[in-house]
Amino acid sequence: MKKTTIINIGNSIIHLEEDAYEALTIYLNEVKAHFAHSADDFEIVTDIENRIAELLLGRMRGDNKQLASLEDVQAVVAQMGSVSDFAEGAEAVADETLRERSFEPEFSEPQPRKLFRDMDNRVVAGVCSGVGHYLGIDVNLVRVALVLLVLLGGSGLLVYLILWIIMPKAETRPEKMAMRGEQLNLRNFKKNFDEEMAALDERFGPAGRQAGSFIREFFDAIGRFLRVLGRILIKIAAICIIAFGFAMLLTFFIGLVAFLGFWDYEVSNYFPMNAVDEHLQVPIAITAFVLFFIPVLALVLFSIRVAFTDRPVNKITSFSLLIIWLAGVGVGVYMAARVSTEFREVAEFNRQQAVKAYPAYRLELDNTELFSKSDSVRYGLGNYPSDRHVVLNTGDRPFVSPNNMRLEIVKSEAGRMILSENYSSNGRTFEQALRNAQNIRYKFVQQDSVLNFSPKPRVGNKERWRNQEIRLLLQVPVGTRLRINRKVNGYIQNYYIWSCLNDEEHAEREYSNWIMTNEGLKCLDIPESSPEN
Amino acid sequence: MRKGILEYCVLLIISRGEIYASDIITELRNARLLVVEGTLYPLLTRLKNNGLLSYNWVESTSGPPRKYYNLTVDGRAFLGQLDGTWNELSFAVRTAQQLMKDDNSNQA
């Protein structure tokens, strides 16, 4: 009984006895090594493999058997010729370069070296000898330099630790050869192997026990401990990211579903969705979802890989995620441009409102709102005879848009009390902007000497947010007294009203008292302090 | 000594028409120009990459498809040059041999 191996050579399936397989493998490896430095190596080796397959199949067919034996392989190899015969042939065809290269690898150009830790020649973790190999300088020079760096302020220690972490161990023979910059061919392979055996002998011989071995073992243990600790920490971090990421993904998803489900009712009236035209809202919501969902999803997938498997992230998955995300970015930029054109022009207008004359006024903030007739019907308030209804306590609505009223108090040059209201808005065209500004409704109500200011202008429910703003200019004649509710303070732009409240006795007072002078407002409660800014 | 001669012979063999690599070997053996097959493939690849040869894949009943080689126009021109060189060379050799034979017969 003999073991057989199935090989695929020259696109043919051939059954080989085990010794035949070994002989053929050795022969093909020699052939590959021989042609490894020829520009056409692939083509030549393929031709040779094809021919070997043909010859083997021919012999098997001739003997009417299923299996190629060692004799078959030897006969075929004899017909193809050994590598040394090729050399003769190469001489015959004057292929000098081929011959030189394959027989004198010592003089070939050095391969680019790779940075590995040399575990065969180390004191602590093989970092110094790895760097030595990489730079092509004596290991001892590197060690001396490192010790000097450690002594001069200890930066060498940090450098060593970082290199220890980032440099991989040279474990396999190809890695060790890449570290030394040796070329990967059969001859070097053998040389490398022999050296390794010699080093092994030396180490296990009594003379090989160096003083470094204790230090080495000690640092080995520390290194193993740190590496295990690092791996655990990375896993914990990855698991945290996964958990947090899942929560975020779920939030995004619920957010999208909620938005798509209720967008015509509430959500679209909140900032920033209230800036977006209705027909763009669903595409924008989906785009935003894609833009936020995919990076988090990618992070979670990556963390799962890091924490639970060592396989790299599936290329198809990551590329399709990237493409979808980039498409999302493109659509998002387009949408943003579409929306921002709605803010291209600004329009504003002023309206003056006379205020009945009193020697003193009280300024109050009024959270109640006026509703137009249609709004009243919509909110179910339509049973009242008047066409305007007042509703209390709408001030703590959710944040809708950054459109607080702004109030400036100045000295009246005309000698009467005047309130001028400035309405402004953005729009795609000037006319549109002006229309938007005209649609702003602002409620100011005078009840005798009490002036009630609404904190926000109102914009119709169907209107989109277009940076609608209201600025009030209250012109106060000299000598008029003002009693200002502390709730109004935050809306006043040109005076720091809190300065009139911030003395120890009166810190909690609700009102501050002022008088208009030729120099502007003066605080009456704390006479010596100047309220101006 | 055989430098270039193998190439010349291979080109001569191929110039007779489309031919498979192992048949080239057989012809070389018949001409007692002994080479192993492994030598031939790098040579053919090099000649092909220099534009002297081209090949066609031909399905085979006994294994993988085979490459059948052909001379290109360049290859034919190059072969013409080699013919010229060879004729000069062989004239020189033959003349030298003839002189030697004449000397020998004169002495005898």
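This report describes the salt bridges and a nonpolar surface patch in a predicted model.

**Salt bridges**

Side chains of opposite charge can pair when their charged atoms come close. Over all chains, the count comes to 20 salt bridges. Three of these pairs are listed below with the distance between nitrogen and oxygen.

| Lys | Acidic partner | N to O distance |
|---|---|---|
| Lys67(B) | Glu43(A) | 3.5 Å |
| Lys65(A) | Asp63(A) | 4.0 Å |
| Lys443(A) | Asp366(A) | 2.8 Å |

Lys67(B) forms a salt bridge with Glu43(A). Lys67(B) belongs to strand β3 (residues 66-71) of chain B and Glu43(A) to helix α2 (residues 41-63) of chain A, so the pair joins two chains. Lys67(B) is buried, with a relative accessible area of 8%. A network of salt bridges links Lys67(B) and Glu43(A) with Asp47(A) and Lys48(B).

Lys443(A) and Asp366(A) also form a salt bridge. This pair links distant parts of the chain, 77 residues apart: Lys443(A) is in the loop between α15 (430-438) and β10 (444-447), and Asp366(A) is in the loop between β5 (360-365) and β6 (369-371). Lys443(A) has a relative accessible area of 10% and is buried; Asp366(A), at 13%, counts as buried.

In the pair of Lys65(A) and Asp63(A), Lys65(A) is partly exposed at 29% relative accessible area, and Asp63(A) is partly exposed at 47%.

**Nonpolar surface patch**

A nonpolar patch on the surface of chain A has about 1100 Å² of accessible area together; its residues include Val123(A), Phe214(A), Phe218(A), Leu229(A) and Ile236(A). Phe218(A) is found in helix α11 (residues 212-262) and is partly exposed, because its relative accessible area is 45%.

Definitions and conventions:
Residues are numbered from 1 along each chain as its sequence is written. Chains are lettered from A and ligands numbered from 1 in the order in which they are written. This is a predicted model: local features need pLDDT of at least 70, side-chain atom pairs count only at pLDDT 80 or more; totals for chains, interfaces and linings use all residues. Side-chain values use heavy atoms; hydrogens and water are left out. Patches are made of residues with over 30% relative accessible area and no salt bridge: like charges are joined within 9 Å, nonpolar side chains (Val, Leu, Ile, Met, Phe, Trp, Tyr) within 5 Å. Accessible areas come from the Shrake-Rupley method with a 1.4 Å probe; for residues, only the protein chains shown count as cover. A salt bridge is a side-chain nitrogen of Lys or Arg within 4 Å of a carboxyl oxygen of Asp or Glu. Helices (H or I, at least four residues) and strands (E, at least two) are DSSP runs, numbered from the N terminus. Buried means under 20% relative accessible area, exposed over 50%, partly exposed in between (1.4 Å probe, protein chains only).
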